[in-house]
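Reader: I have just opened this structure and would like to learn how to read it. Could you walk me through it, one feature at a time?

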Amino acid sequence: MPIHNEDIAAAFDEFADLLALSGENQFRIRAYRHAAEVLRSLSEPLSRRIAGGFDPDTLPGVGADLAGKIRELATTGRCAALERLRATVPPGLRELLFLPDVGPQRARALHEALDIRSLEDLRVAIEQHRVRKVPRFGVKLENRLAESLATLAQRGKRFHWSVADRYARALERHLASLPGVLQVAIAGSYRRGRETVGDLDVVVAAQPGTDVDSALRQYEETKATLVSGPTRSSVVLRNGLQVDLRVVPAASFGAALYYFTGSKDHNIRLRTQAAALGLKINEYGVFRGSECIGGSTEGSVLATLGLPYIEPELREDRGEFEAAVAGRLPRLIAGVDLRGDLHAHTSATDGTATLAGMARAARAAQLRYLAITDHSRYLGAVHGLDAAALAAQIGQIDAFNASARGITLLKGVEVDILEDGSLALPDEILGRLDLVVGAVHSHFTLSRRRQTERLLRALDHGYLSILAHPSARLIDQREPIDCDWPTVFRAAAERPCFLEINAQPSRLDLNDLMAREAASAGVRFCIASDAHGVGDFELLAGGVRQARRAWLEASQVINTQPLAQLRRTLRRTFLK
DNA sequence: GCCGTTTTCGGCCCGACTGTTTTCAGTCG
């Protein structure tokens, strides 16, 4: 049973919860939580790195003690200290922390006053109205807890970025139309471009006395109010998405936007660095004593620390401060850098539009070239193309290009990578194409060794140009395939093979961490829509967001190249 | 438990809202 980084991170989170329930020093608790976050940000399995001699003590936030626990967990899957700690806390007590309004202090109070040891105990105690009698509890809190218990299933749900986006834009328009509102921005993980969004963090600059709180609570999509105040409110929308609002004066907008964009770890680093310079940063500005020396814009906040602007997608405490100090922040790719799209389907397979229709839509989306990459026959779920049907499509594309204006179609295919790593179409037909996009659509659960061999063989094929949605994960639906990614990345980097960042909202594959690791191995990428209809080219923006989170620059993405250069880039190792 | 351009010891980001209280602890972001 392999030990994943997530397993170790989860053990540290449990450590933190149990220490909190034991009344431990909060900074000791934070050390465990911080280390858990650091472990989650690693893409390569620690257990293997440790087997290769890597010392976890060199990870940020990991000292001798936690390094020892990491080693123990990575090699044995267990941690003696954690097991000892478990024995001192009732096993069900931790689940109380999953409830809103219940932290370690209240969980302990409930345990000590009423001997509550689980959510079920709590439910019974609430029914008997015993909770309201616990010191510093009361009727209102008891009612809130009853409500939370009833809706516990809702908690922790995250939304695809694209779903959150629809609600974000509508809410932004609603608030911006309010008299007295000067600026509105959606911050948080939405602004950092995370693939899923837990809630919408809204920052509003308004003239004094503007009642933004009421405007939010009376918004047509608002279902319930959680918190209400003149500068801070929280509501839940009808679809379950929580909205947290912050209202500040115009002079504080940049500081508030910075604060609410996060991430939390990034902000803690920022404020710690400010403190070292004798400055204090909060959501109202940067202060030296009582004097405000920055805060109207995000740039003014960073400038007080002598730092250049840090793009929101980088603010995860993954080295962006060190890069900023060293003047090595990347010039992140932008949507306008994309000149074409290298993965799209038509009604010849599972798309909804004709070849000409897709071309028109791509041109309208300002693309200069579009690769038509319908499925090969192997994929059972759709009517894939066999060699003859693909040959017919090649003829259609040649005819289209002969008469088209403003866009060039590239001849391609999305060919299945079979279980053994061979491709599902013969070389004769693949050799007539401008590019071959290979993808895994089956046998997702092969062992790491066999899955790795499969991808390496596909990369070695000679005609394969692009490995599409490499991990094959579907967000919240299907785990990524198990594979020795560093080896695959090295192989791709050594060949004229490129890895896709697939922009479909449920894929976004490669993800940010994997793409960043691949880039450091020398891999180059394409950002592709995998369009199945004429409206899908706008999805490319999501692929660009993911690429930005991976610190990618335009030069690392081949479909930023003009067509002639792209054709040279795609030249194969095997001549046609 | 971690960490060092004040520090190997003594710090560790900062503020709003709620409920239970009559001044503040707890939670959350």
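**Domains, sheets and buried places**

Author: Gladly! Let us begin with two domains: the centres of domain 3 and domain 4, taken over C-alpha atoms, are 39 Å apart. Their contact draws on eight residues from domain 3 and seven residues from domain 4. Please keep in mind that this is a predicted model.

Reader: Which domains does the assignment give for chain A, and where do they run?

Author: The domain assignment lists domain 1 (5-155), domain 2 (157-248), domain 3 (264-329) and domain 4 (335-571).

Reader: Now the sheets, please. In what order do the strands of the five-stranded sheet lie?

Author: To read a sheet, walk across it from one edge to the other. Here the order is E2-E4-E7-E6-E5, in an open sheet with mixed pairing. Strand E2 (181-186) and strand E5 (222-227) are the edges, each pairing on one side only. On average, neighbouring strands of this sheet are turned by 25° against each other, direction ignored.

Reader: How do E2 and E4 pair?

Author: Look for the sense of the pairing and then for the bridges. E2 and strand E4 (residues 199-206) are antiparallel, with five bridges. For a concrete spot, find Gln183, whose bridge partner in E4 is Ala205.

Reader: Which helix lies across this sheet's strands?

Author: That is helix H9 (residues 161-176), which lies across E2, E4, strand E6 (232-237) and strand E7 (242-248). Its direction is at about 175° to E2. While you are here, find the loop between E6 and E7, where Gly240 sits.

Reader: Is Gly240 buried or exposed?

Author: To decide, compare the relative accessible area with two cut-offs: under 20% is buried, over 50% is exposed. Gly240 has 25%, so it counts as partly exposed.

Reader: What is the pairing in the seven-stranded sheet?

Author: That open sheet has parallel pairing, in the order E11-E12-E13-E14-E15-E16-E17. Its edge strands, each pairing on one side only, are strand E11 (340-341) and strand E17 (525-528). Further in, four bridges link strand E12 (residues 369-372) with strand E13 (residues 408-416) in the parallel sense; Ile372 has Lys411 of E13 as its bridge partner. Helix H16 (residues 355-364) packs on the sheet and touches E12 and E13, its direction making about 150° with that of E12.

Reader: How many residues of E16 are buried?

Author: Five of the five residues in strand E16 (residues 498-502) are buried. Try following the side chains along the strand: Phe498, Glu500 and Asn502 point one way, while Leu499 and Ile501 point the other way. E16 runs parallel to strand E15 (residues 466-467), joined by two bridges, and Leu467 has Leu499 as its bridge partner.

Reader: Why is helix H12 described as largely enclosed?

Author: Count its buried residues. In helix H12 (residues 253-261), eight of the nine are buried, so the rest of the structure largely encloses this helix. Among them are Phe253, Leu257, Tyr258 and Phe260. Just after H12 comes Gly262, with a positive phi of about 75°.

Reader: One last charged residue, please: what surrounds Glu517?

Author: Start with its place, in helix H21 (residues 512-520). Leaving aside residues up to four places away in sequence, Glu517 touches Ser43, Glu44, Pro486 and Phe489. Glu517 is buried and has no salt bridge; Arg48, the nearest side chain of opposite charge, is 6.8 Å away.

Definitions and conventions:
Residues are numbered from 1 along each chain as its sequence is written. Chains are lettered from A and ligands numbered from 1 in the order in which they are written. This is a predicted model: local features need pLDDT of at least 70, side-chain atom pairs count only at pLDDT 80 or more; totals for chains, interfaces and linings use all residues. Side-chain values use heavy atoms; hydrogens and water are left out. Two strands pair if DSSP finds at least two bridges between them. Axes are lines fitted to C-alpha atoms, for helices over the stretch in contact, and angles run from 0 to 180 degrees between N-to-C directions. Contact means heavy atoms within 4.5 Å. Buried means under 20% relative accessible area, exposed over 50%, partly exposed in between (1.4 Å probe, protein chains only). Lys and Arg count as positive and Asp and Glu as negative; His and the chain ends are not counted. A salt bridge is a side-chain nitrogen of Lys or Arg within 4 Å of a carboxyl oxygen of Asp or Glu. Domain bounds come from an automatic or database domain assignment.
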